[in-house]
Every structure is written in structure tokens, then in C-alpha cells.
Amino acid sequence: MQAWQVGLSIAAFGAVGGIGSALLSEDRGFVFPYPVRSPGNSHTIYRPGLLGQMLVGAIAAFASWGLYGPLSGAAILGDEGNPYRFSYGVTASGVAGALLVGVGGAKWLANHVDKQLYQEAATTAAGKAGGPGDVRRMGNAMPSEAVALAAELPDSSP
């Protein structure tokens with residue numbers, strides 16, 4: 001294999017890691033990216049879905065391999081005149097590392113979006129009246145559900 005083929009293979013395994021992360025996310029499955037509007041319609045938070053998690057997983061795995069892999073010092077482009085051609089392979093540790101970094105990178109993206117959603121829910125709920133039951137429901141809700149629950153709370157003004 002050429003170095004660029006190995007890099008693509010590593011990115012592909014990172015994308016598979018992103019699929020694993022998608023299964024562990026709030027959406028728990030294979031959903032496409034979708035927007036969540038803030039209750040006041042002031043802005044939109046985009047959920048990355050399966051495709052976003054696969055993309056981040058692929059990028060994270062490739063970056064890790066490129067920085068720390070066995071070919072980190074190899075020329076991938078620009079050596080067309082080199083009479084010495086090297087062939088590279090994908091090792092088991094390279095695949096395992098790509099999968100792990102893919103899951104971790106995609107999970108980072110999902111956590112970042114979840115944090116934005118929880119902040120939006122908290123900001124919306126702060127100006128509303130709610131009882132202990134509402135607080136408990138929001139605390140146990142998934143991030144996008146918490147935004148919807150905060151929007152349904154009655155206004156605190158008399």
C-alpha cells in the first residue's frame with residue numbers, strides 16, 4: 001500500500017469509530033444532522049447526527065495517525081521523482097488506535113453540542129416558573145428534550 005492509501009484506511013476506521021459513538025449518543029442511532037431551534041428562535045444549534053460523528057471520527061483518527069503513527073515523517077506528496085518506492089501497510093494497532101480516536105473525537109463533538117443545548121435549556125428555564133416536578137423532568141431529560149421542556153414552562157410574570 002502507498003502511504004496515502006494507509007491514511008485513507010485509517011480515516012475510514014476512524015469513521016467506523018464515529019458510528020460507535022453515534023450509537024452511544026443522545027440520539028442512540030443513525031440519524032441525519034438536524035437543527036434544534038432555541039425557544040425564542042434567536043439561534044439554532046445543529047445536532048451532528050451520524051454523518052457529523054463519522055466525519056469528526058475520520059478526521060481525528062487521521063490526525064492522530066499523521067502525528068504519531070509510524071509514517072509521521074514519511075513524504076506523502078511531492079516525491080514523484082524518487083526511484084525508491086516504499087509500500088506501507090495498516091497494522092492492528094493502527095486500526096485499533098483509529099477506532100479509539102474516532103469514538104473519542106466524535107464523542108467530544110456530541111458532548112460539545114449537548115452542552116450548548118443544556119445551556120439553552122437553563123437560560124430559557126431561568127426566566128420561567130416551574131415546580132420541583134419540572135426541575136426533575138428537565139434534569140432527567142436528554143439535551144434536546146430539556147430545551148423543549150424549558151420552552152413549555154409557564155412564564156414567571158404574574
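**Group meeting: a walk through the helices**

Okay, let's start with one residue: Gly 139 counts as exposed, because its relative accessibility is 59% (exposed is over 50% relative accessible area, buried under 20% and partly exposed in between, with a 1.4 Å probe and protein chains only). Gly 139 sits in helix 4, residues 132-140. Tyr 118 is 21 residues away from Gly 139 in sequence, and their C-alpha atoms are 9.6 Å apart in space.

A quick word on what you're looking at: this is a predicted model, where local features need pLDDT of at least 70 and side-chain atom pairs count only at pLDDT 80 or more, while totals for chains, interfaces and linings use all residues. Residues are numbered from 1 along each chain as its sequence is written, and side-chain values use heavy atoms, with hydrogens and water left out.

So, the overall layout. The protein chain has five helices and two strands, and from the N terminus the order is α-β-β-α-α-α-α. Here helices are DSSP runs of H or I with at least four residues, strands are runs of E with at least two, and numbering goes from the N terminus. Of the chain's 158 residues, 34% count as buried.

Now, my favourite bit: how do helix 1 and helix 2 pack? Helix 1 covers residues 3-24, helix 2 covers residues 49-68, and they pack at about 135 degrees with their axes 6 Å apart. Axes are lines fitted to C-alpha atoms, for helices over the stretch in contact, and angles run from 0 to 180 degrees between N-to-C directions. That angle makes helix 1 oblique to helix 2; under 35 degrees would be roughly parallel, over 145 roughly antiparallel, 65 to 115 roughly perpendicular, and the rest is oblique.

Who makes the contact, meaning heavy atoms within 4.5 Å? From helix 1 the residues include Gly 7, Gly 14 and Gly 18, and from helix 2 they include Gly 57, Phe 62 and Trp 65. By class, this contact has 13 nonpolar, six polar and no charged residues. Nonpolar is Ala, Val, Leu, Ile, Met, Phe, Trp, Tyr, Cys and Pro; charged is Asp, Glu, Lys and Arg; the others, Gly among them, are polar.

One more residue in helix 1 is Ala 12. Ala 12 counts as partly exposed because its relative accessibility is 43%. Its C-alpha is 6.1 Å from that of Ala 58, although the two are 46 residues apart in sequence.

Last, contacts across the chain: among those with a separation of 6 or more, 72% come from residues 24 or more positions apart.

Key
Contact = heavy atoms within 4.5 Å.
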